[in-house]
Amino acid sequence: MFASLRTSLRLLGQQTSNCVLKSSTEQNRNLVLCARAMSSTPNTNYDFQSLKVHSPAEFVKHVEMNRPNKMNTMNPDVWREVEECFDKLADDEECRVVILSGAGKIFTAGLDLTDTSLLQIVTSDEDCSRKAFKMSKFITKFQQSFTAIEKCPKPVIAAVHSACIGGGIDMISACDIRYCTQDAWFQIKEVDVGLAADIGTLQRFPKIVGNDSLARELTYTARKFYSDEAKSIGFVSRILQDKEQMMKAALDVATCIAAKSPVAVQGSKINLIYSRDHSVSEGLDYNAKWNSAMLQSDDLMKAATAFVNKSKPVFAKL
Ligand SMILES: CC/C=C\C=C\CC(=O)SCCNC(=O)CCNC(=O)[C@H](O)C(C)(C)COP(=O)(O)OP(=O)(O)OC[C@H]1O[C@@H](n2cnc3c(N)ncnc32)[C@H](O)[C@@H]1OP(=O)(O)O
């Protein structure tokens, strides 16, 4: 099998020197360079009030919710910064994978119940339809925050310790991979504060756990569920003994992903999300169109050559 792969690569190499492939890959590279030059330089200043962004390894970014004295609760400033941060990460060629965690005692207590911005709209003197318009805009803005996590083509690994409540479930449901500590617990708490969850839990959580009955039970009762149950229903994929071990495990998997072809990894995320939201035949069609361009990437040749040569491929920034 390896011999035939070597032969194929040699043939491809010959074609390359005959300028058949070379011209198309060069054209693609030029198009990418041209598009980059035309777009504004990505803003990679990660200076936020409620988030800390670290760079623990090459191509790995770590976003840490950083309101430990407020239990990493979420207010309009947090939502705005999360959206801005993930939009920047999406454009940052130094980032291929993201770890998301919370500083302090717990991952997050969800909505900041002391924040009055919602209340101000509800209690204003305007008529109900005007209030509803404002409220709809307000909620949509919050939704965009976690949708930015999903839209970021770089895989996002949520690392959850202790409590993950309400908006925390919305947030990590938009992530790609979820790890937690043995002491972690989760709660779709919204019904207990008199609202139907509206920032993505009802849309994403049931699809992750693939158990409609349980998703409804957890939503209607606001019952806490603990790490073992979260793993048994597929909400998290690994349980680590403590936060230190979890962060190490998250960094290990992040480093592994960061060494792969960014074209392949990011294309996989985009196609997985598309396929989640479409029929199998629509997903296959989208995948074929996607790869008809992306299979022309240099990364394919580099990965195959490295496999044959038993070497480690190094991929260009994306
Ligand atoms: C448009 C709508 C968009 C989004 C909607 C999202 C919906 C949700 O997120 S619903 C969930 C809301 N969150 C909660 O209901 C959590 C409530 N808190 C708790 O259950 C507990 O406090 C705890 C997080 C489990 C921690 O318990 P414990 O360790 O025993 O500490 P406490 O003494 O209870 O709390 C310490 C301190 O933190 C304050 N606090 C806790 N949670 C919140 C919160 N969500 N918002 C604001 N403040 C919170 C608590 O009041 C204490 O403050 P002190 O000043 O020290 O009294």
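Q: Two strands count as paired if DSSP finds at least two bridges between them. In this predicted model, which residue of S6 is the bridge partner of Ala158?
A: Ala158 points one way from strand S4 together with Val156 and Val160. S4 and strand S6 (residues 177-181) are joined by four bridges in the parallel sense. In S6, the partner of Ala158 is Arg178.

Q: How many helices and how many strands are there in the chain?
A: The chain has 318 residues, of which 33% are buried. Its secondary structure consists of 13 helices and nine strands.

Q: In what order do the strands of the six-stranded sheet stand?
A: This sheet is open, and its pairing is mixed. Its edge strands are S1 and strand S9 (238-240), each of which pairs on one side only. On average, neighbouring strands of the sheet are turned by 25 degrees against each other, direction ignored. From one edge to the other, the order is S1-S2-S3-S4-S6-S9.

Q: Which residue of the S1 and S2 hairpin takes a positive phi?
A: Strand S1 (residues 51-57) and strand S2 (residues 60-65) run antiparallel and are joined by five bridges. Ala57 of S1 stands opposite Val60 in S2. Two residues lie between the strands of this hairpin, and the one with a positive phi, near 70 degrees, is Phe59.

Q: At about what angle to S1 does helix H3 run?
A: Helix H3 (residues 76-91) lies across S1, S2 and S3. Relative to S1, the helix runs at about 30 degrees.

Q: Are the residues of strand S4 buried or exposed?
A: In a regular strand, the side chains alternate between the two faces of the sheet. In S4, Val156, Ala158 and Val160 point one way, while Ile157 and Ala159 point the other way. Five of the five residues of S4 (residues 156-160) have the status asked for, namely buried.

Q: Which residue of S4 is the bridge partner of Ile99?
A: Strand S3 (residues 97-102) and S4 run parallel and are joined by three bridges. In S4, the partner of Ile99 is Ile157.

Q: Which residue in S9 is the bridge partner of Cys180?
A: S6 and S9 pair in the parallel sense over three bridges. Through this pairing, Cys180 has as its partner in S9 the residue Ile239.

Q: Which residue in S8 is the bridge partner of Phe186?
A: A second open sheet has three strands in the order S5-S7-S8, with mixed pairing. Its edge strands are S5 (163-165) and S8 (225-226). Strand S7 (residues 185-187) runs antiparallel to S8, to which two bridges join it. The partner of Phe186 in S8 is Phe225.

Q: Which residues come nearest to the ligand?
A: The shell around the ligand divides into twelve nonpolar, five polar and four charged residues. Helix H5 (128-151) and S5 each supply at least two residues of this shell. Of the 21 residues around the ligand, the nearest are Ala109, Gly110, Leu111, Leu113 and Gly166.

Q: How many residues of domain 2 are in contact with domain 1?
A: The domain assignment gives domain 1 as 2-39 + 260-309 and domain 2 as 51-258. On the side of domain 1 that touches domain 2, four residues are nonpolar, one is polar and three are charged. Eight residues of domain 1 take part in the contact, and the number from domain 2 is eight.

Q: What share of the contacts between residues at least 6 apart in sequence joins residues at least 24 apart?
A: Two residues are in contact if their C-beta atoms, placed from the backbone, lie within 7 Å. Among such contacts in the chain between residues at least 6 apart in sequence, the share joining residues at least 24 apart is 73%.

Notes: Residues numbered from 1 in each chain as written. Predicted model: local features only at pLDDT ≥ 70, side-chain atom pairs only at ≥ 80, totals over all residues. Near = placed C-beta within 6 Å. Nonpolar A, V, L, I, M, F, W, Y, C, P; charged D, E, K, R; others polar. Domains from an automatic or database assignment. Buried ≥ 20, exposed ≤ 12 C-beta atoms within 10 Å, placed from the backbone. Axes fitted to C-alpha atoms, helices over the stretch in contact; angles between N-to-C directions.
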